[in-house]
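Me: Please take a close look at the enclosed spaces inside this protein and at the parts around them. I would like one connected account, with each term explained as it comes up.

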Amino acid sequence: MSKRISIHGQWSSRLMFILAATGAAVGLGNIWKFPYLTGENGGGAFVLVYLLCIGLITIPIMMAEVLIGRRGRQSPVNSLQTLAIEAGASTQWRLLGWAGMLAGLVILSYYSVIAGWILAYLMRMVTGVFVRVTAEGASSIFTQLVTDPERLLAWHTIFMVMTIKVVSRGIRNGLEKVVKILVPMLFFLLLVLVVHAARYGDLDQAVDYLFHSDFSKLTPAAVWTAMGHAFFTLSLGMGAMVAYGSYLPNGVSIAKASIVVAVLDTLVALLAGLAVFPVVFANNLAAGDGPGLVFQTLPIAFGQMPGGVFFGSLFFLLLVFAAWTSAIALIEPLVAWLVENREIERIRASIWTGIVAWLLGVVTILSFSNWSFSFNFIGVPKRHGLFDVLDILTSSIILPLGGLFMALFVGWVMVRESVEDELGGLPGVGFKLWYFVIRYVVPAAMVLVFLQVIGVL
Ligand code: PHE
């Protein structure tokens, strides 16, 4: 069968796809969310489950998503529909693409608010506010910021405009050029931070906390959260990787590229843990403090280190870029769909999408002040009302479900020859193993975890 081509263009090389997909994967999830989720869920056992989920469930799903994209060569909604028709299945599979686009919009709405915090922190870093800051000082600066809705709205707006600007320029223009510098730099800076944390913080306790698995602390909620996070961190379950896959040149090995991206992403998360927790323990801060964790610990580290203003500023700048390259991926599926189906220009599609996400962002802004309330999510106390609701709805429900259905689609609906053809680079046994995992292991593992969470097992 002749291969389709995407109307949106193509990555210029395999490396560009890897960098762009790593840019999409590495984001706030790794550096902001992973440490605080680990803290909220008791440490090592959570990390182990997260790693297991990455290896067993999400890497195979990542391959499945990229494959759907490359085969369909359109936005997730249209790729799913085209491939469903090809396989003689219901066109309703496109609803999976719809759920993903909506999830992307909701995630972007709060993602942009948190990225706004980072912009605000960048300003404070540059102006030396954190020099020799104490733990109390750092936490009061954080509280002041997040309880000031007007300030947050301003930063949120700036970040959203930045995002729209890049998305409106298309995939190749700009994005490719920045990721190749930013991704390696992010690694370098994280290493600098880990070295600092090792010298001035309590590295032993942090390593013990992150890698010593005490299964008595492992609640069903922690298992579910770890799995949801494995989807979130690799940008799976909502179509971003389908969209990025649709720009992937033919002939590039989907398996190898996916594994490289997943390994890099996991490394960043672990390094972030090693940068944050030594500081937490050395300053007697609470590991289970939630979303403020990184914002209250890293400034202390930077405040003490020689050249801290410089490194701190650079670090928050890179965090902005990490968030930026992920934010783009969050709305790419929707923007691509609008361009394909509504025949409007990319720029208008980006602006409209951005406006909706921006409006929704107000919910998150107010969750930290006027509208804040607390509740329990399967045993874990959540203190930030609607923000937590949106986060749970997307990361813990829609993304895992979306990922599961992507696996079912590739494993049970798509024509096997098409699947095999796309994974051409995989040697025979490798393909059989992967196909088995996608068809049986992934659905079974996810259902088991789910039954355990709802208390049936
Ligand atoms: N993977 C990104 C992160 O870890 C978040 C994201 C999710 C981006 C889904 C795109 C799509 O921050």
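Reply: Residues are sorted here into three classes: Ala, Val, Leu, Ile, Met, Phe, Trp, Tyr, Cys and Pro are nonpolar, Asp, Glu, Lys and Arg are charged, and the others, including Gly, are polar. The model is a predicted one, in which local features need pLDDT of at least 70 and side-chain atom pairs count only at pLDDT 80 or more, while totals for chains, interfaces and linings use all residues. Numbering starts from 1 along each chain as its sequence is written, and side-chain values use heavy atoms, with hydrogens and water left out.

The structure has 7 cavities of 30 Å³ or more. A cavity is a set of points, on a 1 Å grid over the protein atoms alone, where a 1.4 Å probe fits but cannot get out, and its lining residues have an atom within 4 Å of a point. Grid points are joined across faces, edges and corners, and the volume is the space filled by probe spheres set on the points.

The largest cavity holds about 150 Å³. It is lined by 15 residues, and A24, F232, S235, S326 and L330 are the closest to its centre. Helices and strands are DSSP runs numbered from the N terminus, a helix being H or I over at least four residues and a strand E over at least two. At least two lining residues come from each of α1 (14-25), α2 (28-40), α5 (94-126), α10 (220-233) and α14 (308-342). The biggest contribution is that of α14, with 3 residues. The lining of the largest cavity has 10 nonpolar and 5 polar residues and no charged ones.

The second largest cavity holds about 120 Å³. Of its 14 lining residues, L37, T225, K382, D391 and S396 lie nearest the centre. Two or more residues of this lining come from each of α2, α10, β2 (380-382) and α16 (385-413). Here α16 gives the most, with 4 residues. The classes are mixed in the lining of the second largest cavity: 4 nonpolar, 6 polar and 4 charged.

Now to the helices around these spaces. α1 has 12 residues and spans 16 Å from first C-alpha to last, close to the expected 16 Å; the expected span is 1.5 Å times one less than the number of residues. A residue is buried under 20% relative accessible area, exposed over 50% and partly exposed in between, using a 1.4 Å probe and protein chains only. In α1, 10 of the 12 residues are buried, so the helix is largely enclosed by the rest of the structure. Among these buried residues is A24, which was listed above for the centre of the largest cavity.

α2 supplies lining residues to the largest cavity and also to the second largest. K33 lies in this helix. K33 is buried, because its relative accessibility is 2%. Contact means heavy atoms within 4.5 Å. Setting aside residues up to four places away in sequence, K33 touches L28, Y110, H229, F232, D391 and S395. Two of these partners have come up already: F232 is one of the residues closest to the centre of the largest cavity, and D391 is one of those nearest the centre of the second largest.

I31 is another residue of α2. With a relative accessible area of 1%, I31 is buried. Apart from neighbours within four places in sequence, I31 is in contact with L186, V268, A272, V294, F315 and L319. Of these, V268 sits in helix α12 (residues 254-282). V268 is buried as well, at 0% relative accessibility. Its own contacts beyond four places in sequence are V26, N30, I31, L186, F187 and L190.

A nonpolar core is a set of buried Ala, Val, Leu, Ile, Met, Phe, Trp, Tyr and Cys residues joined through side-chain atoms within 4.5 Å. The largest one has 176 residues, and W117, F316, F409 and W434 touch the most other members. α5 contributes the most to this core, with 19 residues. Beyond four places in sequence, F316 contacts I118, Y121, L122, M125, F295 and F302.

Terms used
On a 1 Å grid over the protein atoms alone, a cavity is a set of points where a 1.4 Å probe fits but cannot get out, and a pocket is an open set with protein on both sides within 12 Å along at least five of seven lines; lining residues have an atom within 4 Å of a point.
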